[in-house]
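Pull up the model and let's walk through it together, from the overall picture down to single side chains.

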Amino acid sequence: MAAESDGWAGMGWDWTDVDDIRRRLDEGADPEKWSGGRPLHRAAVFGSSEVVAELAGRVPYVDALENGVTALWEAVVSRKPENARALAAAGADPWRLSSGGWSPGQLSLAGPTPGLFSVPEWAGLTDTERAAAEEANRLTTALGTFHYDGTGLACVAGIDAAEAVRRLEAAPVEDEVIDELLEDPYEYGMDESLQIIGVTSVPGGCVVTQPWGYAPQMPGVVTRLSADTVCYGLYANPKSGNQGSIVRHGTVEGWTCTRAGDHTRTTPPRRCRLRTSTSTAPWPTPAPLQDCG
């Protein structure tokens, strides 16, 4: 009923048709309300610059917040520079402080479109932030692009794959099992596939991966891995967004959930048991992977 009354019935991921959006607005669709959130925020991420401009011209305040961030922040985070320009042209403030004490303008300077907005003398990045942005660009370029929805991982400082396997009390997995699992992890069975994770030594530590599930980020896993060190766990949840945890010396220091913005979780996800298992597999890097649980 809410979707029918607000004039946005049938709207989903595609907010690119400016004629359809304009027709809906002319027929009484609420530019401030949609069952899935604020229309302008949605269009900033999933719409065209024409739709963004149309909606921005219909709302009373272009810098209204949803989940603590503006539509301009959403456009910059989602790497939609044309949508960001349309919002700035409509009066959105690139230098309004937002998530984590950053502004959309600062975020753009740290990303792939540093020339997105004119920079006032008092704004910009510190030398430390600039160095971090350059390093992030180097790392993301080296990593390349791949489908990551549904992936779980944990980055652990100061220990190698062998030590991670020891801490998890892992046991070997037969090569035939790994081959079958990698061919189709979802047909293999969720309960069984969650018990198998990969560990790769990298400079400075190791990375625990599971391209089909959340096991590397489970509290029981990251607390063991982080003994006398620090660990960051992540699950790229296809339904609710990226869920991360910071764990130091076996203690979870914080949980975060990121979905087109940055929203803090106050409670961790449910705990799950992880059984043990180890072998080799080629995903997700050319380096040998040990599969363990």
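**A walk through the fold**

Of the 293 residues in the protein chain, 42% count as buried. Keep in mind that you're looking at a predicted model. The chain has 13 helices and nine strands. On the outside, it exposes about 15,500 Å², with carbon and sulfur atoms supplying 53% of that area.

Let's start on the inside. The largest nonpolar core has 29 residues, and the members that touch the most others are W8, W15, I21, L40, L55 and L87. Five elements each give two or more residues to this core: α2 (18-26), α3 (39-46), α4 (49-56), α5 (71-77) and α6 (81-89). For a feel of the packing, click on L87. Leaving aside residues up to four places away in sequence, L87 touches L40, A44, V52, A56, V62, A71, L72, A75 and A92. There's another core as well, lying apart from this one, with 17 residues that include A154, L168, V208 and L225.

Now for the aromatic rings. How many aromatic pairs does a search of the whole structure find? The search turns up five. In one of them, the ring centres of W8 and W15 are 5.1 Å apart and the planes meet at 40°, so this pair is tilted. Both partners are out of sight: W8 is buried, with a relative accessible area of 0%, and W15 is buried too, also at 0% relative accessibility. Ring pairs also bring in W34, linking W8, W15 and W34 into a cluster.

A second pair to look at is W95 with W122, which is edge-to-face, at 6.4 Å centre to centre with 75° between the planes. Here W95 sits in the loop between α6 and α7 (104-110), while W122 sits in the loop between α7 and α8 (127-143), so the pair ties together parts that are 27 residues apart in sequence. Are these two rings buried or exposed? One of each, it turns out: W95 counts as buried at 13% relative accessibility, whereas W122 counts as exposed at 65%.

Next, find T70, in the loop between α4 and α5. Despite the loop address, T70 is buried, with a relative accessible area of 3%. Its side chain reaches the backbone nitrogen of W73 at 3.1 Å. Not counting residues up to four places away in sequence, T70 also touches H41, D63, A64, L65, R96 and P104.

Last stop: the cysteines. How many disulfides does the structure hold? Zero. Take C155, which is in no disulfide; the nearest cysteine sulfur belongs to C231 and is 7.4 Å away. C155 is partly exposed, with a relative accessible area of 36%. For C206, the closest cysteine sulfur is again in C231, this time 8.0 Å away. Why is there no bond between C206 and C231? Because at 8.0 Å the two sulfurs are too far apart for one; the cut-off for calling a disulfide is within 2.5 Å. Unlike the partly exposed C155, C206 is buried, at 2% relative accessible area.

Terms used. Residues are numbered from 1 along each chain as its sequence is written. This is a predicted model: local features need pLDDT of at least 70, side-chain atom pairs count only at pLDDT 80 or more; totals for chains, interfaces and linings use all residues. Side-chain values use heavy atoms; hydrogens and water are left out. A nonpolar core is a set of buried Ala, Val, Leu, Ile, Met, Phe, Trp, Tyr and Cys residues joined through side-chain atoms within 4.5 Å. Buried means under 20% relative accessible area, exposed over 50%, partly exposed in between (1.4 Å probe, protein chains only). Helices (H or I, at least four residues) and strands (E, at least two) are DSSP runs, numbered from the N terminus. Contact means heavy atoms within 4.5 Å. Accessible areas come from the Shrake-Rupley method with a 1.4 Å probe; for residues, only the protein chains shown count as cover. A polar contact is a pair of N or O atoms within 3.5 Å; within protein, one must be able to donate a hydrogen and the other to accept it, and residues adjacent in sequence count only if both atoms are side-chain atoms. Rings of Phe, Tyr and Trp (its six-membered ring) pair if their centres lie within 6.5 Å; planes under 30 degrees apart count as stacked, over 60 as edge-to-face and the rest as tilted.
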